[in-house]
Amino acid sequence: MSNDQYKYLLGEEALPKQWYNIAADMPVPATPVLNPHTKEPVTPEFLNVLFPMSLIEQEMSTERYIDIPEEVREIYKLWRPTPLLRARRLEKMLDTPAHIYYKDEGASITGSHKGNTAVAQAYYNKLDGTTALTTETGAGQWGAALAIACKFFDMNLEVFMVRASYEQKPYRKIIMQSYDAEVFASPSDQTEYGRAYLKEHPNSPGSLGIAISEAVEVAVKSGGQKKYGLGSVLNHVLLHQSVIGMECLKQMEMADEYPDVVIGCVGGGSNFAGIAFPFVQKNLTEGRGTRLVAVEPKATPSLTKGPYAFDYADSAQMAPILKMFTLGHDFIPASIHAGGLRYHGMAPQICMLYDAGYLEAIAVAQPETFSAAIQFAQTEGIIPAPESAHAIRVAINEALDAKQKGEKRVILFNLSGHGLLDLAAYDNYNQGNILDNTLDITAEDIRARIPRVAL
């Protein structure tokens, strides 16, 4: 097919029937996940307090492909496959020889990629007899996706939303409530940990680490009545997101091109892994040379500044201990508008690949991300989520670098969500009120703050 098109669409028949599991092709030994109490490798019994056994099996699986249940695929068809678009107007504005493509996950029913795992997790929990879930959310995209998924499967949901985003993004809270989810600003007065934290830090903007702690506490203390839904970080979540990259492989074939570089923003790592891991597989098994670039905020630079160490996944030290690039489980990030990127750590699988040199990482500041978002909106007509703007910034930088070097370069990035509920952030940018918020700290200083939690 011709690569002169603007848009590459797949029919429902092309919707993937299986998820891709990077664990089957991981080129380095997997790092252990540890019990926060014993510091020994977690057991299925420990994880079963939080997750149904079907998801635990996926978490630990090394099968290359895992079948997507038909019930999940039927719901996926409400928005999947999502479009792949060629950003021709952006290319023209940049006067670059590069070809820029983007996967539009904002075309989903919730406006982001989060539904890919929300539907799967709700399905498996329902199958296990779960009647209620509890979770955290940063910018609210995950909370909104899980609220819809829980309603589809007739389950109740409690959401602990990071206070900074709860105040910045009220309409995401309204979306969750419209699907009958209960939403609490975190730290909250709903949990023992939240009350204790508020007593010591009454004006805290919150963090994903704190919100995770509150959600985990509710699940643990429910006596098995509630399970915990996780929006990023662990293997089963990244697995479900692989539909993004698997569709991209087919769509790039339709465009008769193959990406030289694949770019995605990273907070916990789900949307980046979703688009990148199928291309990692091609690099590992077919000798492809695609560069895979994770883009994070300079306000929370876990990959680019954090040490690679075992650390708690949450602030209260109740969730499993993971080996990851981390800023410390008690780190409180600046209240940047990209609330989904305010996590202190990173998905272990991404960390393994990054540490071994299979991935690249770049950190960018808020003002330059919003500048890129405006360029993209004014040429392509889509206002991107502040998180996605980080990927756009680096995609533009790649295109300008190709221009300077006079070379063709095929660039693919994941537009992980639209920003139509983030207009307050754009208003701040337009009024000149977006702060840099670069974290001015060295990796050595960060390491000194992280306790030695593993044996």
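**Exercise 1. The second largest pocket**

How do the residues of the lining of the second largest pocket divide into nonpolar, polar and charged? Work it out from the structure above, keeping in mind that this is a predicted model.

*Solution.* Start with the space itself: the second largest pocket has a volume of about 160 Å³. Next, list who lines it: P16, Y20, Y65, M246, L249, K250, P278, Q281 and K282. Helix 12 (243-254) and helix 13 (270-286) are the elements giving two or more residues to that lining. Now sort by class, remembering that Tyr, Met and Pro count as nonpolar. You end up with six nonpolar residues, one polar and two charged.

**Exercise 2. The largest pocket**

Find out which helix gives the most to the lining of the largest pocket, and describe that lining by class.

*Solution.* First, the volume: the largest pocket comes to about 480 Å³. Its lining has 24 residues, and those closest to the centre are A30, T31, V33, E59 and M60. Then look at the helices. Helix 2 (53-60), helix 11 (235-241) and helix 15 (348-355) each chip in at least two lining residues. Helix 2 comes out on top, with four. Finally, sort by class: 17 nonpolar, six polar and one charged.

**Exercise 3. Cysteines and disulfides**

How many disulfides does a search of the whole structure find? Check C248 and C351 one at a time.

*Solution.* The search turns up zero disulfides. Take C248: the nearest cysteine sulfur belongs to C265 and lies 14 Å away, and C248 is in no disulfide. The cut-off you need here is that the two sulfur atoms must be within 2.5 Å. Now C351: its closest cysteine sulfur is also in C265, 15 Å off, so the gap is too far for a bond.

Then ask whether each one is buried or exposed. Buried means under 20% relative accessible area. C248 has 0% relative accessibility, so C248 counts as buried. C351 sits at 0% too, and therefore counts as buried.

**Exercise 4. Helix 17**

Compare the span of helix 17 with the expected one, then say how covered the helix is and what comes just after it.

*Solution.* Helix 17 runs over residues 386-405, which makes 20 residues. From first C-alpha to last, helix 17 reaches 29 Å, close to the 28 Å expected at 1.5 Å a residue. For the cover, count buried residues: 14 of the 20 are buried, so by the under-20% cut-off helix 17 is mostly covered. Last step: move just past the end of helix 17, where G406 takes a positive phi of about 65°.

Notes
Residues are numbered from 1 along each chain as its sequence is written. This is a predicted model: local features need pLDDT of at least 70, side-chain atom pairs count only at pLDDT 80 or more; totals for chains, interfaces and linings use all residues. Side-chain values use heavy atoms; hydrogens and water are left out. The expected span of a helix is 1.5 Å times one less than its number of residues. Buried means under 20% relative accessible area, exposed over 50%, partly exposed in between (1.4 Å probe, protein chains only). On a 1 Å grid over the protein atoms alone, a cavity is a set of points where a 1.4 Å probe fits but cannot get out, and a pocket is an open set with protein on both sides within 12 Å along at least five of seven lines; lining residues have an atom within 4 Å of a point. Grid points are joined across faces, edges and corners, and a volume is the space filled by probe spheres set on the points.
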